[in-house]
Amino acid sequence: METLLILCVFVVAGAVKGLSGLGLPTVGIALMGVFVPPAEAAALVVVPAFLTNVWQALRGGALISLARRLWPLLAGIVVGTVWGGQWRPDPHLARLVLAEALMLYAMLGLLEVTMVLPPRLEAWLAAPVGVLTGVLSALTGVFVLPSVPFLQALRLPPVQMVQALGLCFTLSSASLAVMLGSQGSMGLSHLILSLAATVPALGGMVLGAWLRHRVPPLVFRRVLFVFLFAIGVHLLLT
């Protein structure tokens, strides 16, 4: 029964990712956290997150140019994940910090606070943002903050934005997998179930991509921010 619930979670998480370009680890860990420990949930999302993000990163035709522009952010993510993996904070405190950050980000989006990052600041902030993203990824298994607000502040075209998210999340999930493996937190049973969960995650992602072309952009943004706020509330209460 638990395995069936996990696979259903990945359908939902994949649909959110296909619709928004993000959210598979966030949704997956949040929902699975109801019936499995957070560390186990993080291990289970690694393979679907990596494979779906590779697929997303390769779609859009701007991979090379985005990699050249975002390399300080990407390098920072690796450094932050390695650094954060050395810490052993209280899991409840880590979830609390993540919940509050998600809720703040969602409220800024719902209030339509516009963030634009001047090119001169992009070069200075990219690496620190990447390091902080990596640290939060290592502590919580979720890697949307603060990389997503940073990328949105660059005002990339929609197709490039989705591809940039895929590129950052691919590196984040790969770094997280290496960290979990080195700590012994990802055993063979977790790997097998994580591989099996890739199929429903891809199916959900295809469904989400189909919906993305049929949902007005404003509606899409509002639904996304409400959903992120709800995830933050969920993390806060569990």
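This is a short talk on the fold, the core, the largest pocket and three single residues of one chain.

The model is predicted, so please keep that in mind throughout.

I will start with the overall fold. The chain has 11 helices and zero strands. Read from the N terminus, the order of elements is therefore easy to remember: α-α-α-α-α-α-α-α-α-α-α. For extent, the C-alpha trace spans about 45 × 40 × 35 Å along its principal axes. The radius of gyration is 16 Å, and a compact globule of 238 residues would come out near 18 Å, so the two agree. Of those 238 residues, 49% are buried. Taking contacts between residues at least 6 apart in sequence, 84% of them join residues at least 24 apart.

Next, the core. The largest nonpolar core contains 63 residues. Within this core, the residues with the most contacts are Phe10, Met32, Leu73, Leu102, Phe150, Leu151 and Phe169. Helix α8 supplies the largest share of the core, at nine residues. Which residues does Phe150 touch, once neighbours within four places in sequence are set aside? The partners of Phe150 are Leu73, Leu117, Glu122, Leu125, Ala126 and Val129. Leu73 is also on the list of residues with the most contacts inside the core.

Now the pocket. The largest pocket holds about 1000 Å³ of space. Its lining has 39 residues, and those closest to the centre are Pro158, Met161, Val162, Phe220 and Arg221. Seven helices are named as giving two or more residues to that lining: α1 (2-20), α3 (38-57), α5 (91-110), α7 (147-153), α8 (158-182), α10 (198-212) and α11 (217-237). Which of the elements gives the most to the lining? That is α8, with six residues. So α8 leads in the pocket lining, and α8 also gives the largest share of the core. By residue class, the lining divides into 24 nonpolar, nine polar and six charged.

That leaves three single residues, beginning with Leu58. Leu58 sits in the loop between α3 and α4 (63-84). Is Leu58 buried or exposed? Its relative accessibility is 58%, and exposed means over 50%, so Leu58 counts as exposed. Apart from neighbours within four places in sequence, Leu58 is in contact with Leu63 and Gln163. Leu58 and Leu74 are 16 residues apart along the chain, and their C-alpha atoms are separated by 16 Å.

The second is Arg155, in the loop between α7 and α8. Arg155 is not a glycine, yet has a positive phi of about 55°. Most residues other than glycine have a negative phi. Arg155 is exposed because its relative accessible area is 53%, with the cut-off at over 50%.

The third is Ser137, which belongs to helix α6 (residues 119-140). Why does Ser137 count as buried? Its relative accessibility is 1%, and the limit for buried is under 20%, so Ser137 qualifies. Beyond neighbours within four places in sequence, Ser137 is in contact with Val142, Phe143, Ser172 and Leu176.

To close, two points to keep in view on the structure. The largest pocket has Pro158, Met161, Val162, Phe220 and Arg221 closest to its centre. The largest nonpolar core has 63 residues, with Phe150 among those having the most contacts inside it.

Notes: Residues numbered from 1 in each chain as written. Predicted model: local features only at pLDDT ≥ 70, side-chain atom pairs only at ≥ 80, totals over all residues. Heavy atoms only, no water. 1 Å grid on protein atoms, 1.4 Å probe; cavity = no way out; pocket = protein on both sides within 12 Å on 5 of 7 lines; lining within 4 Å. Points joined across faces, edges and corners; volume = space filled by probe spheres on them. Helix = DSSP H or I, 4+ residues; strand = E, 2+ residues; numbered from the N terminus. Nonpolar A, V, L, I, M, F, W, Y, C, P; charged D, E, K, R; others polar. Core = buried A, V, L, I, M, F, W, Y, C linked by side-chain atoms within 4.5 Å. Buried < 20%, exposed > 50% of the residue type's maximum accessible area, 1.4 Å probe, protein only. Contact = heavy atoms within 4.5 Å. Rg over C-alpha atoms; globule rule 2.2 N^0.38 Å.
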